[in-house]
Amino acid sequence: MTGYSRAFKSLWAGEVISEFGGAAGAIVNGLLLYELTGSREWMGVLWLVYFIPSLLLQGVSAPFLNHVRKDRMLRRIQLIRAGAYLLPLGGFFMGNEAGVIAGLIVLQIVLGLLQP
């Protein structure tokens, strides 16, 4: 990575750390859903709602990214991902488990769409 600017290296390092955190977050989301429902099937649904949008979007994301400023796009994606993690918390403050479950499912859909 000697030929890249310092800003790019910083952005790249931050993205790598974010991806590790995202993977850990996905595992924690599944475990939280399992603790709430006691159902392995719901855990499977949670992973499906993550992977299906991700697989569908991977085919169109690369050509799209050729026409945008990548630094702006990465920043916006990270901000949206950070905001999406507040959805289950909002469900928790609503006071029912259905809100937390819905927040987790929407979170996984958003993460699946933004990951590619």
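This is a dialogue between a student and a tutor about reading a predicted model.

Student: Where do I start: how many helices and strands does the protein have?

Tutor: Begin with the secondary structure, and keep in mind that the model is predicted. The protein has five helices and zero strands, and along the sequence the pattern reads α-α-α-α-α.

Student: What box do the C-alpha atoms fill along the principal axes?

Tutor: Roughly 50 × 25 × 20 Å.

Student: And what share of the 116 residues is buried?

Tutor: Buried residues account for 28% of the 116. You can add a view of the contacts as well: of those between residues at least 6 apart in sequence, 66% join residues at least 24 apart.

Student: Now the helix pairs. How are two packed helices described?

Tutor: Two numbers are used, the angle between the axes and the distance between the axes. Let us try them on α1, which spans residues 6-37, and α5, which spans residues 97-114. Their axes are 11 Å apart and the packing angle is about 155 degrees.

Student: Why are α1 and α5 called roughly antiparallel?

Tutor: Angles over 145 degrees count as roughly antiparallel. The angle here is about 155 degrees, and α1 and α5 are therefore roughly antiparallel to each other. As for handedness, α1 passes α5 in a left-handed crossing.

Student: Which residues make that contact?

Tutor: From α1 come A26, N29, L32, L33, L36 and T37. From α5 come E97, V100, I101, L104, L107, Q108 and L111. Sorted by class, the contact of α1 with α5 has nine nonpolar, three polar and one charged residues.

Student: How do the axes of α1 and α2 cross?

Tutor: Those axes come within 8 Å and cross at roughly 145 degrees. The crossing of α1 and α2 is right-handed, whereas that of α1 and α5 is left-handed.

Student: Which residues make the contact of α1 with α2?

Tutor: On the α1 side you will find A26, I27, N29, G30, L33, Y34 and T37. On the α2 side are R40, W42, M43, L46 and W47. The residues of this contact divide into eight nonpolar, three polar and one charged. Try comparing the two lists for α1: A26, N29, L33 and T37 are in the contact with α5 and also in the contact with α2.

Student: Can we look at one residue of that contact? What does M43 touch beyond its neighbours within four places in sequence?

Tutor: M43 lies in helix α2. Leaving those neighbours aside, M43 is in contact with G30, L33 and Y34. Sequence separation and distance in space are worth reading together. L31, in helix α1, is twelve residues from M43 in sequence and 7.6 Å away in space, C-alpha to C-alpha. M43 and F93, in turn, are 50 residues apart in sequence and 22 Å apart in space, again C-alpha to C-alpha.

Student: What joins α1 to α2 along the chain, and where does S39 sit?

Tutor: S39 is in the loop between α1 and α2. The side chain of S39 reaches the backbone nitrogen of W42 at 3.2 Å.

Student: Is S39 buried or exposed?

Tutor: Relative accessibility settles that, with buried meaning under 20% and exposed over 50%. S39 counts as buried because its value is 13%. L31 has a relative accessible area of 49%, so L31 is partly exposed. G59, in helix α2, is at 57% and therefore counts as exposed.

Student: What about R81, buried or exposed?

Tutor: R81 is found in helix α3, residues 70-84. Its relative accessibility is 6%, so R81 counts as buried. Leaving aside its neighbours within four places in sequence, R81 is in contact with S18, E19, G22, L111, L114 and Q115.

Student: One pair to finish: at what angle do α3 and α4 pack?

Tutor: The angle is about 20 degrees, with the axes of α3 and α4 5 Å apart. That makes α3 roughly parallel to α4, because angles under 35 degrees count as roughly parallel. The contact is made by A82, G83 and A84 of α3 and L86, L87 and P88 of α4. By class, these residues divide into five nonpolar, one polar and no charged.

Notes:
Residues numbered from 1 in each chain as written. Predicted model: local features only at pLDDT ≥ 70, side-chain atom pairs only at ≥ 80, totals over all residues. Heavy atoms only, no water. Helix = DSSP H or I, 4+ residues; strand = E, 2+ residues; numbered from the N terminus. Buried < 20%, exposed > 50% of the residue type's maximum accessible area, 1.4 Å probe, protein only. Polar contact = N/O pair within 3.5 Å; in protein donor to acceptor, adjacent residues only side chain to side chain. Axes fitted to C-alpha atoms, helices over the stretch in contact; angles between N-to-C directions. Parallel < 35°, antiparallel > 145°, perpendicular 65-115°, else oblique. Left-handed = near helix turned anticlockwise from the far one by under 90°. Contact = heavy atoms within 4.5 Å. Nonpolar A, V, L, I, M, F, W, Y, C, P; charged D, E, K, R; others polar.
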